Amino acid sequence: GLVDAHTHPVWAGDRVHEFAMKLAGASYMEIHQAGGGIHFTVEHTREATEAELLARLQQRLGRMLRAGSTLVECKSGYGLDLDTELKMLRVIERARKSTDIGISSTYCGAHAVPRGKTAAEATDDIINNHLPKLKELKLSGEIHVNNIDVFCEKGVFDLESTRRILQAGKDIGLQINFHGDELHPMKSAELGAELGARAISHLEEVSDEGIVAMARAKCAAVLLPTTAYMLRLKQPQARKMLEEGVIVALGSDFNPNAYCFSMPMVMHLACVNMKMSMNEALAAATINAAYALGKSDTHGSLEVGKQGDLLIINSSRWEHLIYQFGGHEALINYVIVKGKVIYENERCEAMSSY
């Protein structure tokens, strides 16, 4: 089964209008500063009920499953206040219990600086209020959270604020798995390596020193080819990372900015735009993505003692899953989780092999 190592699937409020703005030349930060982007989604997510958010999440996870993902990382981060962040984490917890797809849950309260607060005030609020409450809910078994995430970026959370939040999360038993070096070089990779991060996502602007530090620290790089493609950013240096020995994983970055459910399409983009081989892309979307989530002992490969998650595809060669760009809907015949068929694609029955 494919593993999607980075998604933002819990939100309300359509941002299709921003796609037109981006096509007309507006940058991500220009849209963000004009009240769009994350802030637009935050407003709508705060207004949505838990039931509405759960229904949307289950629908999105269903589409990911049909595209071959059997384990998905799911972030909060469109609340930015304690109540909404907890609402999102409860929704992820309910989905974890009610759907067949595997979920790794991430608290991402430091996704943006809330309106009316400075970054320093937001950092203090997270450390003094959000994380203690999260620890309490984790201990009581109400919410299972696996990872802590911060958007370490110029104009969002600087390196020192990021360090404080990630360390506080690590102190309550969360794996560090954060956004770094996306739009500006921030030395996020060096910070992640120093803190013992499990993974860092994006890394379009990572330094050479950061790449070496991540390789030494066995910190996974979660590369997101959809984001670089959508925002017309420079591509992450996948080849350099692989040559330096970094564990390279892939994620769809599904969110209102990069509306992609399909890991086969992500693998295709990784091969074409980031110059990965098909074997490298497959490893990055299975065993390495599982490693980035701290789940490679149970997921990401077919081995005795691991969970029986697999795909059966309607083709003579597995490479068709990457080669056929956007073709997964007629290729994935069965999705199996824990040894049980949970999706059978009737469209495959009517077709001869590819």
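Which residues is leucine 131 in contact with, leaving aside its neighbours within four places in sequence? I opened the notebook with that one. This is a predicted model, so I'm reading everything below as such.

**Entry 1: leucine 131 and the cores.** I looked up the contacts and got Tyr107, Ile126, Ile148, Ile165, Ala168, Gly169, Ile172 and Leu174. Then I checked where leucine 131 sits in the bigger picture. The largest nonpolar core has 94 residues, and Leu131 is among those with the most contacts inside it, along with Leu61, Leu134, Leu203, Leu223, Met241 and Leu250. There's also a second, separate core of 13 residues, and I noted Leu224, Ala289, Ala292 and Leu293 as members.

**Entry 2: helix 7 against helix 8.** Next I pulled up helix 7 (residues 159-171) and helix 8 (residues 188-195). Their axes come within 11 Å and cross at roughly 25°. The cut-off for roughly parallel is under 35 degrees, so helix 7 counts as roughly parallel to helix 8. I wrote down the hand of the crossing too: right-handed.

Which residues in helix 7 meet helix 8? I listed Leu159, Thr162, Arg163, Leu166, Gln167 and Lys170 on the helix 7 side, with Ser188, Leu191, Glu194 and Leu195 on the helix 8 side. Sorted by class, that contact has four nonpolar, three polar and three charged residues.

**Entry 3: two positive phi values.** A reminder to myself before this one: most residues other than glycine have a negative phi. Leucine 80 goes the other way, with phi near 65°. I found leucine 80 in the loop between strand 2 (69-75) and helix 5 (82-98).

Is leucine 80 buried or exposed? Its relative accessibility is 4%, and buried means under 20%, so leucine 80 counts as buried.

Arginine 232 also has a positive phi, about 55°, although it is not a glycine. I placed arginine 232 in the loop between helix 10 (225-231) and helix 11 (238-244). With a relative accessible area of 59%, arginine 232 is exposed.

**Entry 4: aspartate 208.** Last stop for the day. Aspartate 208 is in helix 9 (residues 208-217), and at 43% relative accessibility I put it down as partly exposed.

What does aspartate 208 touch, not counting residues up to four places away in sequence? I got Gln237 and Lys240. I also checked aspartate 208 against glutamate 244: they are 36 residues apart along the chain, and their C-alpha atoms are separated by 9.7 Å.

Technical notes
Residues numbered from 1 in each chain as written. Predicted model: local features only at pLDDT ≥ 70, side-chain atom pairs only at ≥ 80, totals over all residues. Heavy atoms only, no water. Core = buried A, V, L, I, M, F, W, Y, C linked by side-chain atoms within 4.5 Å. Buried < 20%, exposed > 50% of the residue type's maximum accessible area, 1.4 Å probe, protein only. Contact = heavy atoms within 4.5 Å. Axes fitted to C-alpha atoms, helices over the stretch in contact; angles between N-to-C directions. Helix = DSSP H or I, 4+ residues; strand = E, 2+ residues; numbered from the N terminus. Parallel < 35°, antiparallel > 145°, perpendicular 65-115°, else oblique. Left-handed = near helix turned anticlockwise from the far one by under 90°. Nonpolar A, V, L, I, M, F, W, Y, C, P; charged D, E, K, R; others polar.
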